[in-house]
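Subject: Structure handover

Dear colleague,

Here is the structure for you to take over. My notes follow below it.

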Amino acid sequence: VALSKIASVGYKFLHDRVQQAAYSLIPESQKKATHQQIGQLLLKNTRPEELQANIFDIVNQLNVAIALMRKSPEIAELARLNLIAGRKAKAATAYESALKYLTTGVYLLRQDSWQSNYELTLTLYEEAAEAAYLNGEFEQMQKLAEVVLQKAKNIIDQVKIYEVKILTYIAQNRLAEAVATGLEALQLLGISFPDQPTETDIGQALGKTASLVSETGIEDLINLPPMTDIKSLAALRILSTINSATY
């Protein structure tokens, strides 16, 4: 019966040793190719809406065969699949697994991927850096972050990395460095703060805020439209992230 005609195929080994015995019958030279074929069949017969549910089964098979696929046109697709798997693992707080999938995705990127596949490359590096931070791999996070800060097209594309760097410094109790990193990002967004705020600086800022509120009225603030300016939204993300460190 053609595989495409089978609605659902289920199987289960009676015992793990039976599975191990069956696997041992595959010649060592053919194991990677067999994993590749299994992964490709699973991917081909998985509907788009079912990809999330089956992503680990698919990626775990294909990742075994990376050596066979390294120069294949399908390698970018495998990098994308590792991104999906990494995000799912991170959402489940399986940070070690998430980091493994995401760094595998980074490894699979072509040398010119920052030019040929910018969005996928940026996202993989961002997610891998965050997973490294969540997994306590701070040195690895810094290495990934530096690549993004060098390669990203603009400050908006760097904001998530600045957030992760700030959170990493906070996790290490390096609070002054967290604040300095936030101020650096804000400077790039066109927002400057004095290094040593005086009472006059604070008074002027409070006065400006009070005048803006008096023009609108506190009760009318809820009627204002949602903020849409990309740089302002990015600045609020940075300000929110450094809030605890500045305190």
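Let me begin in a loop. Ala94 sits between helix 5 and helix 6; helices (H or I, at least four residues) and strands (E, at least two) are DSSP runs, numbered from the N terminus. Ala94 counts as partly exposed because its relative accessibility is 30%. The terms are these: buried is under 20% relative accessible area, exposed is over 50%, and partly exposed is in between, with a 1.4 Å probe and protein chains only. From C-alpha to C-alpha, Ala94 is 9.0 Å from Asn135 in space, and the two are 41 residues apart in sequence.

Two sentences on the ground rules. This is a predicted model, in which local features need pLDDT of at least 70 and side-chain atom pairs count only at pLDDT 80 or more, while totals for chains, interfaces and linings use all residues. Residues are numbered from 1 along each chain as its sequence is written, and side-chain values use heavy atoms, with hydrogens and water left out.

**The chain overall**

The chain has 13 helices and zero strands. Of its 247 residues, 34% are buried. Contact means heavy atoms within 4.5 Å. Among contacts in the chain with a separation of 6 or more, 60% join residues 24 or more positions apart. The exposed area is about 15,900 Å², and carbon and sulfur atoms supply 54% of it. Areas come from the Shrake-Rupley method with a 1.4 Å probe; for residues, only the protein chains shown count as cover.

**Helix 5 and the loop after it**

Helix 5 covers residues 75–91. Its 17 residues should span 24 Å at 1.5 Å a residue, and its end C-alpha atoms are 24 Å apart, so the two agree. The expected span is 1.5 Å times one less than the number of residues. Buried residues of helix 5 include Ile75, Leu78, Leu81, Leu83 and Ile84. Asn82 and Lys90 are also among the buried residues.

Thr93 follows just after helix 5. It lies in the loop that leads to helix 6 (95–108). Thr93 is not a glycine, yet its phi is positive, at about 60°. Thr93 is exposed because its relative accessible area is 52%.

**Helix 8**

Helix 8 spans residues 118–134 and holds Thr121. How many of the 17 residues of helix 8 are buried? The count is 14, so helix 8 is largely enclosed by the rest of the structure. Its length checks out too: 17 residues at 1.5 Å each should span 24 Å, and the end C-alpha atoms are 24 Å apart.

Thr121 counts as buried because its relative accessibility is 0%. Leaving out residues up to four places away in sequence, Thr121 touches Leu109, Ser113 and Trp114. Just after helix 8, Gly136 has a positive phi of about 75°.

**Helix 10 against helix 13**

Helix 10 (residues 159–171) and helix 13 (residues 230–246) have axes that come within 10 Å and cross at roughly 0°. Axes are lines fitted to C-alpha atoms, for helices over the stretch in contact, and angles run from 0 to 180 degrees between N-to-C directions. The two helices are therefore roughly parallel to each other. Under 35 degrees counts as roughly parallel, over 145 as roughly antiparallel, 65 to 115 as roughly perpendicular, and the rest as oblique.

Helix 10 brings residues including Val159, Tyr162, Ile166 and Ile170 to the contact. Helix 13 brings residues including Ala234, Arg237, Ile238 and Ile242. By type, the contact residues divide into nine nonpolar, two polar and three charged. Here Ala, Val, Leu, Ile, Met, Phe, Trp, Tyr, Cys and Pro are nonpolar; Asp, Glu, Lys and Arg are charged; the others, Gly among them, are polar.

**Around these helices**

Asn173 is in the loop between helix 10 and helix 11 (175–188). Its phi is positive, near 60°, in a residue other than glycine. Asn173 is exposed, with a relative accessible area of 59%.

Thr181 is in helix 11. Is Thr181 buried or exposed? It is buried, at a relative accessible area of 7%. Beyond residues up to four places away in sequence, Thr181 touches Tyr162, Lys165, Ile166 and Tyr169.

Leu239 belongs to helix 13. It is partly exposed, with a relative accessible area of 31%. Leaving aside neighbours within four places in sequence, Leu239 contacts Leu186 and Phe193. Leu239 and Val179 are 60 residues apart in sequence and 9.5 Å apart in space, C-alpha to C-alpha.

Best wishes
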